[in-house]
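Q: Please take a close look at the metal site in this structure, and describe how it is built.

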Amino acid sequence: MFKTFAKAIQSLSVALLMGLPMASSAQQLSENASIVVESPWARASLGMSRPGGAYLTVRNEGSEPISLIGLRAEISGMASIHETRTNSDGVSIMAPADNIVIPPGGMFALEPGGYHAMLMQLQSPLVEGETFPLTLLFSDRTELEITVPVLGIGARGPEG
Ligand SMILES: [Cu+2]
C-alpha cells in the first residue's frame, strides 16, 4: 500500500478558465499556465500538539513565471510555507517563506531540511497510510488541490 502511495504522481495540466467567477475551491489556472505537482508526502504526526510537515515538488511548465504564495488545508488551522535556515550560530531556525517565484521551465522543491509546508494547529493527526487534501495558492489566483499521502514518522521521502 505504501509503495502505491509512494509512486503516486499527481499531475495537473493546462486549463483555461477565463471569465468564470472565482470559486474558492476550484482549480483556476491562468492562460498559458501549466503547473505540475510531483511526489507529495507528509510525515505522520505525533498526535496533534506539534505541527505537521509536508513536502512536494512544483514544476512550472508554462511560459510565464509563477509565484507560490500560500497554502490552505482543512487539516491545519494555519498552513504556510516555511524555510529552514541555519543561523550564524549553527542553529536551525524556521521562518515563513515569501516570494517564491518559479520561472518558466523551473521547479521548486519542498523537502526535509529546506522549504516545507508547515501544518500548524492540526485539526486531526496525520496518520500513516492515510491521505489529506492540500491546496496550493499561486499569484495568478490558481488554486491547485492535491492529495498528500502520509508516510511513517521517520520517513525521509517517497522512496523511503
Ligand atoms: Cu516549519
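Copper site and backbone

A: In this predicted model, Q121 has a relative accessibility of 48% and therefore counts as partly exposed, a value that falls between the 20% limit for buried and the 50% limit for exposed. Turning to the metal site itself, the copper ion is coordinated by four atoms, namely ND1 of H82, SD of M94, NE2 of H116 and SD of M118, at 2.1 to 2.3 Å. The angles that these four donor atoms subtend at the copper ion run from 87 to 123°, which makes the arrangement tetrahedral, since the criterion applied to four donors asks that all angles lie between 85 and 135 degrees. For reference, the ideal angle for four tetrahedral donors is 109.5 degrees. Along the sequence, the donor residues follow the spacing H-x11-M-x21-H-x1-M.

Two of these donor residues can also be described by their accessibility: H116 counts as buried because its relative accessibility is 6%, and M118 likewise counts as buried because its value is 9%, the limit for buried being under 20%.

Strand 8, which spans residues 115-122, contains the partly exposed Q121, and the backbone at Q121 has a phi near 50°, a positive value in a residue other than glycine. A positive phi is also found at R141, where the angle is near 75° and the residue is again not glycine. R141 lies in the loop between strand 9 (131-138) and strand 10 (143-151), and with a relative accessible area of 56% R141 is exposed.

Conventions:
Residues are numbered from 1 along each chain as its sequence is written. This is a predicted model: local features need pLDDT of at least 70, side-chain atom pairs count only at pLDDT 80 or more; totals for chains, interfaces and linings use all residues. Side-chain values use heavy atoms; hydrogens and water are left out. Helices (H or I, at least four residues) and strands (E, at least two) are DSSP runs, numbered from the N terminus. Buried means under 20% relative accessible area, exposed over 50%, partly exposed in between (1.4 Å probe, protein chains only). Donors are N, O and S atoms within 2.8 Å of the metal (3.2 Å for Na, K and Ca); water is not among the atoms, so sites may look incomplete. Four donors count as tetrahedral if all angles lie between 85 and 135 degrees; four count as square planar and six as octahedral if opposite donors are over 155 degrees apart and all others between 65 and 115; anything else is irregular.
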